[in-house]
Every structure is written in C-alpha cells, then in structure tokens.
Amino acid sequence: MEGSTILLSRVLARLIQQGELRLIDARGRRHAFGRGTTEQALAIRLHNRRIERRLIVNPMLALGEGYMDGEFSVEGGDIHDLLRLLTLNMGRDHTFSLFRSLTVVRTLMRRIQQHNPIRWASAHVAHHYDLSGEFYDLFLDADKQYSCAYYEREEMTLEEAQQAKQRRLACKLDLKAEHHLLDVGCGWGGLALYLARASGARVTGVTLSKEQYAAANSRAANERVADQVGFQLQDYRQLTGLFDRIVSVGMFEHVGVNHYLEYFRKLRSLLSANGIALVHAIGRSNPPTLTNAWTRKYIFPGGYVPALSEVLRAVEKSGLWVTDVEILRLHYAKTLAAWRQRFLLNRVRIAEIYDERFCRMWEYYLSGSELTFIHGDLMVFQIQLTKRIDTVPITRDYMYR
C-alpha cells in the first residue's frame, strides 16, 4: 500500500470513533473505519492519488477543494452527511491531535493573514458580498438578513426568526425617535430600515460592498424614507461625528485580530456620552486559533472568528464599559439549515447564474458552517457597550419589552 494511503488510513482510524466510514482509495481498495461497519456505510471514493496526498498535508483545505473539483465523491449519502460524521468525531477540537503541531505554526501567521488596512478591506468585502443580488435572494429571507436569526420558538419560520432578531436588537439598543443610529456593515439595508420604522430614529448605514450600497439606497427610496435612512459606501474608520446608538451585525468577523483595539476605540470616538453600542458577531468558545484555510481562501479572505477572550481584551483597553453579553448557541445552526434547504431548492438556478463548482463550494460552506455550530466551538455573541456605567438600566427587563 502506498505511503499516503497508509497515512490517510491511520488518520481516519484515529478520527472515526463514532459512526462508520469507508474509504475507497484511488486504486479501488476498500478500507473500513469506525464500529460495526457494513456495506451500507457512508463511503468516500477518491478519484486520484493526488487528493490522497493533499488530505494528509493540508486536510482542511484539501477536503473542500477536493469536493469542489470532483476529486472525490460521497457514496451512501451526500457532502452534508460526510461533514456531519467528521464534525461529530472532531467535536470542539478542530485541530485534531495529529495536526496540532502544524496548526500551532500556522496560527503564528494569522496576524499576517488578517492584516486588513482600509485599502484592502474593500477587496475582501467584494469577494463575498458583491456576488449577484439574485443569488442571495434565492436563499435568504425576504428582508435579506445575512446573519444569525433568533428562534424564540422552535417552529418559527426563517422570516419570523429574523424579525425576532431585529426586535431583540432594537430592545437592547433602547432605541428612541430622537436618536441617530449608525449601522456599521449595514448589508442590504434591512436592519437599518426596520430600526427606523420601529423607533422613528434617524439611521446612517455604512458598507464597503457596492452591490449592498446600491440595493440599500434603492430600498430606502422605494420605501420613501431616504430623508430618514441614508447609506454610505465608506470604511467605518473614516467616519466622523457622534451617534446616539451604534449597531454592528455580522461585520466584526471581517475586522481582523490586528485591528480589534482600533475598532473599539473608533466606536468609542463615534459614540455620544450617553450612547449605546451593540456588536453582534460569530465567536468561538475555544481559545484563539486561526481561520480554516479553505474558508479563508474561498469564502472570507481576511476573515476570522474570535474567541471572546480576544474581543474583551480589546474592549478593556478601549475605555468602553461592557454592560451586557449574551451568547446565542444553536440559533445560527438553525439559520444555516434554513439557508441550505433554500439553496438546494434553487440549486438549478444558482448553477445557471454561476456554475457547478460554485454550487459545490457553497454547499460545502453552508453545511460545514451549520455542523460546526452543532458539533464544534462556534456560537454568536452580542456585546452591549457604553461610555458610562449608568447609561442603561441596572436590570435587563427593558431588553424583553
């Protein structure tokens, strides 16, 4: 047996402790892993020897690329089933002991990978958010909320859960008609428009995505609120003035670990004396690590999901008060499951807009993300920040009105 096949078999034998998996190598030989393997077990069929070697050297990158390029196929199930089995066995330890030393070395390079000066930020954003507007229409909710929904009840639809998320943000901001709100990373404008309607507040949204900027302004004009809600194509670091409220949803993941202190100091400089800021972002419950190589290359260049310890360390140095922290655990798994189901229903049309490789890339991304929220270390945090100790009430009752 070739060396790469032996090494890959040893890795899978160590990894698969729950469930069962078969490997059909590039020469057609079968290998069984896990307990009680049967002919009906999920199987990976490798189509060339190159993928065998790459799965040993850089498994996180090679698995995603191999699926996108058709270098392996899944039998007895689909890519979601395979990723579910792998994430179940990896659990919260995404580095896995056999690759931990290599991961430590790569982690030391993350500050280089996450360098995100103003001149680079627009390109990073465009890579993901300047895709076809129709594409996002095919799997997001009607309001195009591209962030974690809030499932107050198990049976909620995606639309209902996204509306619940918006209501919860409005409550945590204690938003009133006399306030001027800044939405940092405003997406297609749905949250800004909701908050303006719900409170009567004036809202300014900023984004680096040209597609989102155009769509948000079009929505404001169509809803005849352009005098109340405005959007700017601008980096948050270039903003001036003071705002009574600041909200940032799904944007902090793109800031980069090098820029955390800069980010929170900028929020503080933009916040009025009695202002409230609310940051909603994906985080991890494990210690700091690095961005998955495949995700960094194909989905979010420059992106990073932080540990709370990294975030709070920067907040402490910024001079802001942390007045509330809430952790949302399985809400994003449910959100991603809804997106994935809608994506698959519209897969034929998406392939017409892009191609088969693009569809495989997004299937892998949506499935992997959903399952990491279930079996891995990902969660969502909402951090409320103020300049003063007495800005918000001393109980949380106002957050549930």
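Let's begin at a spot that is easy to find from the outside: Glu-352 has a relative accessible area of 53%, so this residue counts as exposed, the cut-off being over 50%. Keep in mind as you look around that this is a predicted model. The side chain of Glu-352 forms a salt bridge with that of Arg-349, at 3.1 Å from N to O. Both residues belong to helix α16, which covers residues 347-353, and they sit 3 residues apart, about one turn of the helix. With a relative accessible area of 33%, Arg-349 is partly exposed.

What lies behind such a pairing? Side chains of opposite charge can pair when their charged atoms come close. Across the model, the count comes to 30 salt bridges. Another one joins the side chains of Asp-174 and Lys-176, with 3.0 Å from N to O. Here Asp-174 is partly exposed at 23% relative accessibility, and Lys-176 is partly exposed too, at 35%.

Now move to Arg-237 and Glu-262, whose side chains meet in a salt bridge of 3.7 Å, N to O. This pair links distant parts of the chain, 25 residues apart: Arg-237 is in the loop between β7 (229-233) and β8 (243-249), while Glu-262 is in helix α12, residues 260-270. Is each partner buried or partly exposed? Arg-237 has a relative accessibility of 14% and therefore counts as buried, since the limit is under 20%. Glu-262, at 37%, is partly exposed.

Salt bridges can also be followed from residue to residue. Arg-50, Arg-54, Glu-65, Glu-71 and Lys-297 are linked in a network of them.

From here, let's turn to strand β11, residues 378-386. Why is this strand described as largely enclosed by the rest of the structure? The reason is that 9 of its 9 residues are buried. Look at its two faces and you will find both covered. On one side are Leu-378, Val-380, Gln-382, Gln-384 and Thr-386, and on the other are Met-379, Phe-381, Ile-383 and Leu-385, all of them buried.

Strand β11 also has partners. Strand β9, residues 271-284, runs antiparallel to β11 and is joined to it by 9 bridges. To find this pairing in the model, look for Ala-281, which stands opposite Phe-381 of β11. Strand β10, residues 321-328, pairs with β11 over 7 bridges, again in the antiparallel sense. In that pairing, Val-325 has Ile-383 of β11 as its bridge partner.

Notes:
Residues are numbered from 1 along each chain as its sequence is written. This is a predicted model: local features need pLDDT of at least 70, side-chain atom pairs count only at pLDDT 80 or more; totals for chains, interfaces and linings use all residues. Side-chain values use heavy atoms; hydrogens and water are left out. Buried means under 20% relative accessible area, exposed over 50%, partly exposed in between (1.4 Å probe, protein chains only). Helices (H or I, at least four residues) and strands (E, at least two) are DSSP runs, numbered from the N terminus. Two strands pair if DSSP finds at least two bridges between them. A salt bridge is a side-chain nitrogen of Lys or Arg within 4 Å of a carboxyl oxygen of Asp or Glu.
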